[in-house]
Amino acid sequence: MTKMVAATGNEAIAHAMRLAKVDVCSAYPITPATEIMQRFTAFAADGEVQTEVLLAESEHSAMSACIGAAAAGGRVATATSSQGLALMWEMLPIASGQRLPIVMAVCNRAISAPVNIGCDHSDSMGTRDCGWIQLYSENGQEAFDNMLMAFRIAEHPEIRMPVMVCQDGFITSHSIANIQWLEADAAATFVGSYRASNPLLDIQRPASYGQLALSDTYMEYRKAHEATMGKVPGVLREVAAEFKAVSGRAYDLFESYRLEDAEIGIVVLNSAAGTTKDIIDRYRDRGIKAGLLKPRLYRPFPYDEVAQALKHLKALAVLDRSDSFGGSFGPLYLDIAGALSTCAQRPVMINKIFGLGGRDYMPEQGEHVLDELIQIAKGAPVKAAKEYIGVRG
Amino acid sequence: MKTWQELNPGAVITEPGSSRSFKTGSWRSYRPTWIEENCCQCMLCWLYCPDMSVKTSEGKRGEFDYDFCKGCGICALECPGKKGQKAIVMTEGVSGPEPDTPRGSARGDEERAERAGGPPSSKKEGV
């Protein structure tokens, strides 16, 4: 019988790291991810995990230590947020380029300046092309489940890539909600043991990491990286099927909510999807065919599957909790537009930028978006392809 | 050349010493020449070489390994020589001990050559 507890998203992540029996964990505190390491180092101090905890002098060093530990052959995890993730940036493509299956929890938080500790997705979106796998989580339960599955995906022999598990800072990371734990034995069986491909500590088989690859081979490595990422959706589905068997909870590349017969739809990541589902239920009660798609696997982005799920809509709004400045669209919108670009029939699309820097996403905002989509579906012209919502002036 | 399907994941090298097959001598724009009669066998060149381009044999200094020498000139700078005569001189050019046509009057090049004990255009070779 699995245990139901009241826990924050950060506690859930820390427990997932405990259950995964991480060998090495190097981190540097940053709001709102600090609590993850606070909880996890307590597990280490209390002897509940046999983890080597390295407290680094910066996030750049923390990720560097994770890379070294993963190259040595350990199961490695860390956590960060916002500026901390930004400071790690230089090391992120090194982790992925060296195919090191590090698992990192990210509490999504706005990027300075101005200084802000509230939720938005600017931090992880700024790292979306670093070659990492990115999973997004609607709530603490999904953060817990994603974190456990992340080890399996990262360490899969066909993949061997680092994974970021993103949850909304404060909204999810600090909110207490009901979460179902996995029993320690079941979790240990599910996550399993890990054997690195070329561990530096295997002195019988010397290996060297961090090689030079000039114009004659670099591009082949990039193509190999891209091809490996192409295998992630299949592996994710295999892992999700096994996870369902032990937990009873089903996951896929993304969540489709009342989308099959929908005429209008919203695409949104993380916690705002929960609010949006309530709004959609209310519109459905009024006979309006609205639906939602909540991406879970954001990198690699499952373009074909997303296009198949959305192409029948008449009008679609993509809600981005970050922006790509300079007159472009939000990053999520760009991916959805790219996914639908090969479909002969596709919805009219609009992009809304919402909830930056911890600004609340209120039900009225989602209702306004759906009202606008109803008009567009009837043939009304699009007033603004991209628009900030919930902003003064 | 290997295709992308044949590469070792993560560019990890599992064959020790493979840098031997990656010859970097062509990066050189100055070439050191060893003048044996001026050599006191102090081995400072061997010690200071950032690569492993000073070959040795039975505890004695040998020829340069031009497959890997990048011409940095540190050996020539450190060389004490004998009686004011350097045992290592740097000459401009990749392959031969004869100096190539000077590359304009770029002061940086001359200074570098001078620092390394090589013959700048105003001095005689070997000084």
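This passage describes the fold of chain B, its contact with chain A, and one helix of chain A. The model is a predicted one.

Chain B has 127 residues, of which 24% are buried. Its secondary structure comprises 3 helices and 4 strands. Read from the N terminus, these elements follow the order β-α-β-β-α-β-α. Contacts in chain B often span long stretches of sequence: of those between residues at least 6 apart, 63% join residues at least 24 apart.

Chains A and B touch each other. Chain A supplies 19 residues to the contact, and chain B supplies 12 residues. On the side of chain A, helix α9 (residues 218–229) gives the most, with 5 residues. The chain A side is mixed in character, with 7 nonpolar, 6 polar and 6 charged residues.

Helix α12 of chain A spans residues 303–310. Three of its residues are buried: Val306(A), Ala309(A) and Leu310(A). These residues lie on the same side of α12(A), because they cover an arc of only 90 degrees around the axis. The general geometry of helices fits this pattern. An α-helix has 3.6 residues a turn, so residues three or four places apart point the same way. The opposite face of α12(A), turned away from the buried side, carries the exposed residues Asp304(A) and Gln308(A).

Both strands and a helix of chain A help to cover the buried residues of α12(A). The strands include β9 (254–257), β10 (264–268), β11 (290–295) and β13 (315–320). Helix α13 (331–340) is also part of this cover.

Key
Residues are numbered from 1 along each chain as its sequence is written. Chains are lettered from A and ligands numbered from 1 in the order in which they are written. This is a predicted model: local features need pLDDT of at least 70, side-chain atom pairs count only at pLDDT 80 or more; totals for chains, interfaces and linings use all residues. A residue is buried if 20 or more other C-beta atoms lie within 10 Å of its own, exposed if 12 or fewer, and partly exposed in between; C-beta atoms are placed from the backbone. Helices (H or I, at least four residues) and strands (E, at least two) are DSSP runs, numbered from the N terminus. The arc is that of the directions from the helix axis to the C-beta atoms. Two residues are in contact if their C-beta atoms, placed from the backbone, lie within 7 Å. Ala, Val, Leu, Ile, Met, Phe, Trp, Tyr, Cys and Pro count as nonpolar, Asp, Glu, Lys and Arg as charged, and the others, Gly among them, as polar.
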